[in-house]
Amino acid sequence: MEDCLFCKIVRGEIPARKVHEDDWLIAFHDINPARPLHLLVIPKKHITSLATATADDTEILGRLLAITGRLAAEHGSPDGFRLIINTGRIGHQEVPHLHAHIVGGPEPVGPMLKRA
Ligand code: AMP
Ligand code: ZN
């Protein structure tokens with residue numbers, strides 16, 4: 001995916017404040033943090049969203065979920081955090097490369113969604 005913003009971060013063509021990298025995933029600070037801690041965890045493989053993920057992606061999705069607790073604890077949110085995966089138009093996903101937002105910090109992040 002030549003033009004995908006997060007694929008460019010994976011390839012090192014765009015800088016990011018990386019906090020983790022392994023064979024499957026990278027994690028980096030969101031450029032516009034919504035809370036004191038705001039990390040993004042993404043698969044290195046281009047998967048557009050949870051709406052297009054398949055059973056072939058099971059391992060990578062498991063790895064993505066499994067690393068979130070350690071990243072949150074190590075980066076200032078040891079008492080919990082919120083994981084958000086915006087998906088597609090309805091989910092208000094802006095970057096079409098699957099990513100999980102880890103948001104947290106020393107204070108509770110607030111209620112999940114405003115009720116419509
Ligand atoms: P979403 O609305 O779920 O697609 O979220 C996209 C997120 O990517 C937003 O929170 C942006 O602030 C973040 N973002 C956009 N460009 C960059 C970048 N170059 N480095 C880090 N985060 C970014
Ligand atoms: Zn991509």
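**Exercise 1. A pair within one helix**

Task: Determine which residue forms a salt bridge with Arg63, and where both partners lie.

Solution. In this predicted model, the partner of Arg63 is Glu59, and their closest N and O atoms are 2.8 Å apart. The next step is to place the two residues: both belong to helix α2, with their positions four residues apart in the count, about one turn of the helix. The last step concerns accessibility, where partly exposed covers the range between 20% and 50%. Arg63 has a relative accessible area of 32% and is therefore partly exposed. Glu59, at 47%, is also partly exposed.

**Exercise 2. A pair between distant parts of the chain**

Task: Identify the salt-bridge partner of Lys44 and state which parts of the chain the pair links.

Solution. Lys44 pairs with Glu21, with 2.8 Å between the closest N and O atoms. Lys44 is located in the loop between β3 and α2, whereas Glu21 is in strand β1 (residues 18–21); the pair thus links distant parts of the chain, 23 residues apart. Lys44 has a relative accessibility of 25%, so the residue counts as partly exposed. Glu21 is partly exposed as well, at 42%.

**Exercise 3. A further pair and the total**

Task: Describe the salt bridge of Arg11 and state how many salt bridges are counted.

Solution. The side chain of Arg11 meets that of Glu13 at 2.7 Å, N to O. Arg11 has a relative accessible area of 41% and is partly exposed; Glu13 is partly exposed at 48%. The count of salt bridges comes to six.

**Exercise 4. The zinc site**

Task: Name the residues that coordinate the zinc ion (ligand 2) and explain why the arrangement is tetrahedral.

Solution. The donors are Cys4 (SG), Cys7 (SG), His46 (ND1) and His97 (ND1), at 2.0 to 2.3 Å. For four donors, the tetrahedral criterion requires all angles to lie between 85 and 135 degrees. The four donor atoms subtend angles of 106 to 117°, so the arrangement is tetrahedral. Along the sequence, the spacing of the donor residues is C-x2-C-x38-H-x50-H. Cys4 is in the segment before α1 (5–10) and His46 is in the loop between β3 (37–43) and α2 (58–74); therefore this pair ties together parts that are 42 residues apart in sequence. Cys4 is buried, because its relative accessibility is 9%.

**Exercise 5. A nonpolar patch**

Task: State which residues make the nonpolar surface patch, and locate Phe81.

Solution. Leu65, Phe81 and Leu83 make the patch, which covers about 250 Å². Phe81 is in the loop between α2 and β4 (82–84). Its relative accessible area of 35% makes Phe81 partly exposed.

Note on methods:
Residues are numbered from 1 along each chain as its sequence is written. Chains are lettered from A and ligands numbered from 1 in the order in which they are written. This is a predicted model: local features need pLDDT of at least 70, side-chain atom pairs count only at pLDDT 80 or more; totals for chains, interfaces and linings use all residues. Side-chain values use heavy atoms; hydrogens and water are left out. Donors are N, O and S atoms within 2.8 Å of the metal (3.2 Å for Na, K and Ca); water is not among the atoms, so sites may look incomplete. Four donors count as tetrahedral if all angles lie between 85 and 135 degrees; four count as square planar and six as octahedral if opposite donors are over 155 degrees apart and all others between 65 and 115; anything else is irregular. Buried means under 20% relative accessible area, exposed over 50%, partly exposed in between (1.4 Å probe, protein chains only). Patches are made of residues with over 30% relative accessible area and no salt bridge: like charges are joined within 9 Å, nonpolar side chains (Val, Leu, Ile, Met, Phe, Trp, Tyr) within 5 Å. Accessible areas come from the Shrake-Rupley method with a 1.4 Å probe; for residues, only the protein chains shown count as cover. A salt bridge is a side-chain nitrogen of Lys or Arg within 4 Å of a carboxyl oxygen of Asp or Glu.
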